[in-house]
Amino acid sequence: MPVKNKILIIDDNADLRENYRTILESHGFKVIEAENGVEGLQKVKQDTPDLIILDVMMNDLTEGFHVAQTLRSKSTDSEYNEYKNIPIMILSSIHKKYDFHFDRDVGTEWLPVDIFLNKPLEPDVLIKKINEILNPEY
Amino acid sequence: MEKLEKQFQKHVKWLIHIRWGWIVFVSLAIITFHQIFSIDLPILQLIILLFVLGIYNLTFVLLMRKLTFKKFEKFASLLIRSQLFIDFLLLALFLHYTGGIENPIAIYFIFHVIMSSFLLNKNYAYQHTIFGVLLFISIALLEYFSVIPHYPVFDYTQNPLFTNTFYVICVLLAFSSALFFATFMGTTISGEIKRKDKILEKANKVLQEQDKIKSEYVLMISHDLHEPIATVQNCIQIVLDGYCGNCDPGVTQTLKRATKWTDKMIHLIRDLASLSNLNVMVSINLEPLCINKTITNILKDFDQQTSQKSINLKYKKSSRNTWIAADKEIFSHILTNLISNAIKYTPENGTIGIDLSGHKTKVLLEIWDTGIGIPAKYQEKVFQDFFRTPDAIKYEKDGTGLGLSIVKLGLSLHNAKIKIKSPHDKLPKLHTGTSFILEFPAIKEIE
């Protein structure tokens, strides 16, 4: 099976990362893992993934959120400027967007991600959503 | 601010009602004494006074309708005080034209000072009493020294009471002391009430704080519980979907049973998290939202569920303004919960209707169904956490009993109201059905 795209999974739950790997690899994706935001940002620079699957509540409550903010920073001198177009999929235990009440002050652009999904996500739905993001004509 | 406004409006309305009552009372008294007891009264002056009182009262009625509290917030206390002073002045004039010191209607001065003791602070209440005493003394003395005319009502004898020095002194002393005593009693009681009010308010605040802490705790716990159960669910799903090779049919069946329970637990944890989260929120970011469009989008998510049960989902849009101030996510959650419930408790081939209607000051959203209905005795209770009606439990075993609590809490953050009608008038008598009517304050249409 040809390698379709590189997907970076940033989640502190090793078992879930393993599950995603099983699902994604069987659909031909290449999987890179990171267990926290800091490692995730390093892997972004190192591997330039095509899509990032991001958890919100890791060791630090808002870590996933800050990864998204760092990557999508509007500042022109951001060291992540060349990565700001990488699609980000939030896959979180937090049920509703308004559960992020701790970061409400940021305003309308408080969650700069492409799609927000809840855990647990059925494997079929996960693949469908990834394909929709990576190939809009899919 | 809101409390002050309500209190102010209540007080002004109260004074307006008392004045209307007073006008009726005095008119009846004049007719009775003049017509039945043939007592000679200065009718013209009394009618002018009643007329002035009526116009003055009407001014306040109109003022309360036209002006918003914000406009006269700064002089709200002054407005109440001046009303009480003008009322006192008019009462004194009534007294003067109906026998002065001889008229027992002077007792009404006492009611007046009691009223001011409750409406004003202690200093202002005493000022008001001093003003009343001075008014009464002035009338009595001016009539005594014939500076102003006396209008005899009760006494036609050679030695009228208003010129009887001993009587005048006694009445003035008794009257003044009674007024000050009434003020003392009134301010003491009202001070005690205000003190207890403050204690209650403080206790209420502490309870609210504690409730918030409890909700934050439940929120944290529910997040912590969600991650492990979601992982378990994900593991089972991977096996069921064949990512780990083919399974024995017995294993598949057992795993399906397991997911039924993990599903149930995930729903419960999610509802608990949402409920606690809404509880923790003091205010939300309300933004203009045209719900006509939002509803259309939400309804798309229900296509599969309604077609599975062959339910006819009808949406009646409104041609008028349906803009409200809302948090889109919370609004969607509210509507999703109500439609999910309607689908859950409506038998196959039933109908669910969403009727939206825009009005001048409000937007009404009605979600009705041809389902099992909610008996009248449970219509209040269904908004309590974890409550499910016996019929609902019998009809649909699964359910957290938190859906409508979330709806109610979400609506309260939007200053919106909810009403239940079951059975409702959209159905023939044979059906039961439930109708939830949501009322949101309307905002100006945005192009």
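**A walk through two chains**

Let's start in chain A, where an open sheet of 5 strands runs in the order 2-1-3-4-5 with parallel pairing. Its edges are strand 2 (30-34) and strand 5 (115-118) of chain A, each of which pairs on one side only. From one strand to its neighbour, the turn in this sheet averages 20°, direction ignored. Keep in mind as you look around that this is a predicted model.

For a closer look at one pairing in that sheet, take strand 3 (residues 51-54) and strand 4 (residues 88-92) of chain A: they run parallel and are joined by 3 bridges. If you want a pair of residues to click on, Ile53(A) stands opposite Met89(A) in strand 4 of chain A.

How far does the predictor trust this chain? Chain A has a mean pLDDT of 81, with 79% of its residues at 70 or more. Residues 101-109 of chain A are another matter, since the pLDDT there is below 50; in the model this stretch still has 10 contacts beyond near neighbours in sequence.

Now over to chain B. Its secondary structure adds up to 13 helices and 7 strands, and 27% of its 447 residues count as buried. If you take the contacts in chain B between residues at least 6 apart in sequence, 74% of them join residues at least 24 apart.

Where do the two chains meet? On the chain B side, 23 residues are in contact with 21 residues of chain A. The elements of chain B that give two or more residues to this side are helix 7, helix 8 (249-280) and helix 11 (328-344). Helix 7 of chain B provides the largest share, 10 residues. By residue type, the side of chain B that touches chain A divides into 8 nonpolar, 10 polar and 5 charged.

Chain B has an open sheet of 5 strands too, in the order 2-4-5-7-6, and here the pairing is mixed. Strand 2 (312-316) and strand 6 of chain B are the edge strands, pairing on one side only. Neighbouring strands in this sheet are turned by 10° against each other on average, direction ignored.

Inside that sheet, strand 5 (residues 362-369) and strand 7 (residues 435-441) of chain B pair in the antiparallel sense over 7 bridges. Within this pairing, Glu366(B) stands opposite Ile437(B) in strand 7 of chain B. Two helices pack on the sheet. Helix 9 (residues 291-300) of chain B touches strand 2, strand 4 (351-358) and strand 5 of chain B, and its direction makes about 165° with that of strand 4. Helix 11 of chain B touches strand 4, strand 5 and strand 7 of chain B, with its direction at about 20° to that of strand 5. Helix 11 also turned up above, among the elements that give residues to the side touching chain A.

Out at the edge of the sheet, Lys421(B) lies in strand 6 (residues 417-421) of chain B. Why is Lys421(B) partly exposed? Because 17 other C-beta atoms lie within 10 Å of it, and a residue needs 20 or more to be buried. Leaving aside neighbours within four places in sequence, Lys421(B) is in contact with Ser435(B) and Ile437(B). Thr432(B) is 11 residues from Lys421(B) in sequence, and their C-alpha atoms are 10.0 Å apart.

Last stop: helix 6 (residues 122-144) of chain B. Its 23 residues reach 33 Å from first C-alpha to last, close to the 33 Å expected at 1.5 Å a residue. Which of its residues are buried? They are Ala125(B), His128(B), Thr129(B), Gly132(B), Val133(B), Phe136(B), Ile139(B), Ala140(B) and Glu143(B). The spacing of such a list is worth reading with helix geometry in mind: an α-helix has 3.6 residues a turn, so residues three or four places apart point the same way. What covers these buried residues includes helix 4 (76-97), helix 5 (108-119) and helix 7 (165-240) of chain B. After helix 6 comes Ser146(B), with a positive phi near 55°.

One of those covering elements, helix 4 of chain B, is home to Ile86(B). Ile86(B) counts as partly exposed because it has 13 C-beta neighbours inside 10 Å. Tyr56(B) is 30 residues away from Ile86(B) in sequence, yet 9.4 Å away in space, C-alpha to C-alpha.

Methods. Residues numbered from 1 in each chain as written. Chains lettered and ligands numbered in written order. Predicted model: local features only at pLDDT ≥ 70, side-chain atom pairs only at ≥ 80, totals over all residues. Helix = DSSP H or I, 4+ residues; strand = E, 2+ residues; numbered from the N terminus. Expected span 1.5 Å × (residues − 1). Buried ≥ 20, exposed ≤ 12 C-beta atoms within 10 Å, placed from the backbone. Contact = placed C-beta atoms within 7 Å. Nonpolar A, V, L, I, M, F, W, Y, C, P; charged D, E, K, R; others polar. pLDDT = per-residue confidence, 0-100. Pairing = 2+ DSSP bridges. Axes fitted to C-alpha atoms, helices over the stretch in contact; angles between N-to-C directions.
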